[in-house]
Amino acid sequence: AEDTGHAVTGDTGTRGMATNLNSGASGYIEWDPPAQQSSFSIGLWYKTGEAVPWSSGPFFVLFYNNSFGPMIRLSDERSPYTNVRQIQVSPLNQAVAGVTDDTWYWITMKWTQNGQGTMSVYNTSLNLVGTVTFTDTFNVPVQAIRIGNPSGSVPEPGAVSYIDDFIVDYTHGNFP
């Protein structure tokens, strides 16, 4: 639900979600909105992976439609062309590059069915690292958001995905 009383504080916290990626099995929390949504926005703290060259990294947020299946995903990976770490809107290949290994970032994303969306990445001081825009090409509503390791990613041994302070605004779709 929309968390109207929560303010972004720059505190990455210690009670977030840790997902061990070693097994490669899917492991996630699914949030189902009260009705299918044609627009919403999210915000979350995410800790990037360790320094592993050319790692494809995990999908850590996935938007899902029960009839269509997986839609837009957020991934933590290295560019297959430059080996630079990036947070990517997949499969639309729009990425904020140059994020640092093993570091917390505040990530926001606004999504609109069959419309334009934005994803922004901020450092722990809440300074903007980068923003990308994308166009939703799936044209189906979101019926669930899966958080953790929804696609069964298998990165390097010992990898853990960390998420904290996940916020969804499905009433206005304009957070933050």
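## Exercises on a Predicted All-Strand Model

In the protein chain, 67% of the contacts with a separation of 6 or more are made by residues 24 or more positions apart. The model examined here is predicted.

**Exercise 1.** Determine how many helices and strands the protein chain has, and state its pattern along the sequence.

*Solution.* Begin with the counts: the chain contains zero helices and 12 strands. Then read along the sequence; the pattern obtained is β-β-β-β-β-β-β-β-β-β-β-β.

**Exercise 2.** Establish the strand order of the open sheet of six strands, and identify its edge strands.

*Solution.* Step one is the order, which is S2-S11-S4-S5-S6-S7, with antiparallel pairing. Step two concerns the ends of this order: strand S2 (27-31) and strand S7 (94-97) each pair on one side only and are therefore the edge strands, given that pairing requires at least two bridges. Step three is the geometry: with direction ignored, neighbouring strands of the sheet are turned by 15° against each other on average.

**Exercise 3.** Describe how strand S5 is joined to strand S6, and find which residue in S6 stands opposite Leu74.

*Solution.* Recall first that strands of a sheet pair through backbone hydrogen bonds, either parallel or antiparallel. Strand S5 covers residues 69-78 and strand S6 residues 85-90; the two run antiparallel and are joined by six bridges. Within this pairing, Val89 in S6 is the residue opposite Leu74.

**Exercise 4.** State what share of the protein chain is buried, and how much surface the chain exposes.

*Solution.* Take as buried any residue under 20% relative accessible area. Of the 176 residues in the chain, 49% are buried. The exposed surface amounts to about 8,100 Å², and 46% of it is supplied by carbon and sulfur atoms.

Note on methods:
Residues numbered from 1 in each chain as written. Predicted model: local features only at pLDDT ≥ 70, side-chain atom pairs only at ≥ 80, totals over all residues. Heavy atoms only, no water. Helix = DSSP H or I, 4+ residues; strand = E, 2+ residues; numbered from the N terminus. Axes fitted to C-alpha atoms, helices over the stretch in contact; angles between N-to-C directions. Buried < 20%, exposed > 50% of the residue type's maximum accessible area, 1.4 Å probe, protein only. Contact = heavy atoms within 4.5 Å. Areas by Shrake-Rupley, 256 points an atom, 1.4 Å probe, with all protein chains shown as cover.
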